[in-house]
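Here's a quick walk through the charged pairs, the rings and the nonpolar packing of this protein. Keep the structure open next to you as you read.

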Amino acid sequence: MLGIALASNKPPIKPPLQRCWRNAWTSLMAIALLGSACSQAPRPVRTVPIQQSWELQLGSTVGKHRIAGGLGDISIEMKGDRVYIPFDGEVQSNDIPGCYIYSTPDVPAYLFRLCGLKSGKTGRVRSGDSLGSADYLHFAALRRQPDGTWALVEPSKEMLERMISK
């Protein structure tokens, strides 16, 4: 085999198993690179237009202090406890700093805004996942309106209980 390669000035023919491993390795590397590129993609910040509007709202400031809760928000003293995801869904950063939007196909007409988390998790989430911890959790339930805006509505006690206890 070596003599044939030297005489013809062509590289030696690689055995089929070696080519197969090289192709498999190349394919695995391509999949790994594609997977890491997809997981590194930044998640968009979700803006939720609220139907109700007040002069002093969540995220605005009074003097030099930011308003951390407002009409329609339930504030819960968490004392550093964890907040859990009640159903499989998705969590996105909100355009209000320090707030997250949670959505789930199990409750399709609603969004849930959570503010006050020390470090929130974004992306796909599963039931029972921890979203982070908070000293005070400011929670709002939002129902989709026919005009595309979201109205603050009274949150379900059962939903809140599932979020603050595992």
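Let's start with a charged pair: Asp-73 and Arg-113 form a salt bridge, and their closest N and O atoms are 3.0 Å apart. Asp-73 sits in the loop between β2 (65-66) and β3 (74-77) while Arg-113 belongs to strand β7, so this pair ties together parts that are 40 residues apart in sequence. Bear in mind that this is a predicted model.

Are the two partners buried or exposed? Asp-73 has 13% relative accessibility and counts as buried. Arg-113 is buried too, with a relative accessible area of 6%.

The count of salt bridges comes to four. Three of them, including the one above, are set out here with their N to O distances.

| Salt bridge | N to O distance | Accessibility of the acid | Accessibility of the base |
|---|---|---|---|
| Asp-73 with Arg-113 | 3.0 Å | 13%, buried | 6%, buried |
| Asp-88 with Arg-126 | 3.9 Å | 32%, partly exposed | 56%, exposed |
| Asp-129 with Lys-121 | 3.3 Å | 22%, partly exposed | 32%, partly exposed |

Take the Asp-88 and Arg-126 salt bridge, at 3.9 Å from N to O. This pair links distant parts of the chain: Asp-88 is in the loop between β4 (82-84) and β5 (89-93), and Arg-126 is in the loop between β8 (123-125) and β9, 38 residues apart.

Now for the rings. The model has three aromatic pairs. One of them joins Tyr-102 and Phe-112, which are tilted, with 6.0 Å centre to centre and 35° between the planes. Here too, distant parts of the chain are linked: Tyr-102 is in strand β6 and Phe-112 in strand β7 (residues 110-117), ten residues apart. Tyr-102 is buried at a relative accessible area of 0%, and Phe-112 is buried at 5%.

How do the rings of Tyr-110 and Phe-112 sit relative to each other? Their centres are 6.5 Å apart and their planes are at 15°, so the pair is stacked. Tyr-110 is partly exposed, with a relative accessible area of 27%. Put together, Tyr-102, Tyr-110, Phe-112 and Phe-139 make up one aromatic cluster.

Two of those cluster names come back in the nonpolar packing. The largest nonpolar core has 20 residues, and Tyr-102, Leu-114, Leu-117 and Phe-139 touch the most other members. At least two residues of this core come from each of β6, β7, β9 (130-144) and α3 (157-164). Which element gives the largest share? That is β9, with five residues.

Leu-114 is a good one to click on. Leaving aside residues up to four places away in sequence, the contacts of Leu-114 include Val-83, Cys-99, Tyr-102, Leu-131, Phe-139 and Met-163. Another core, of seven residues, lies apart from the largest one, and among its members are Val-48, Ile-101, Leu-111 and Leu-142.

One last stop is Ser-103, in strand β6 (residues 99-103). Ser-103 has a relative accessible area of 19%, and anything under 20% counts as buried, so this residue falls on the buried side. With residues up to four places away in sequence not counted, Ser-103 touches Arg-46, Gly-89, Glu-90 and Leu-111. Leu-111 is also one of the members of that seven-residue core.

Notes. Residues are numbered from 1 along each chain as its sequence is written. This is a predicted model: local features need pLDDT of at least 70, side-chain atom pairs count only at pLDDT 80 or more; totals for chains, interfaces and linings use all residues. Side-chain values use heavy atoms; hydrogens and water are left out. Helices (H or I, at least four residues) and strands (E, at least two) are DSSP runs, numbered from the N terminus. Buried means under 20% relative accessible area, exposed over 50%, partly exposed in between (1.4 Å probe, protein chains only). Contact means heavy atoms within 4.5 Å. Rings of Phe, Tyr and Trp (its six-membered ring) pair if their centres lie within 6.5 Å; planes under 30 degrees apart count as stacked, over 60 as edge-to-face and the rest as tilted. A nonpolar core is a set of buried Ala, Val, Leu, Ile, Met, Phe, Trp, Tyr and Cys residues joined through side-chain atoms within 4.5 Å. A salt bridge is a side-chain nitrogen of Lys or Arg within 4 Å of a carboxyl oxygen of Asp or Glu.
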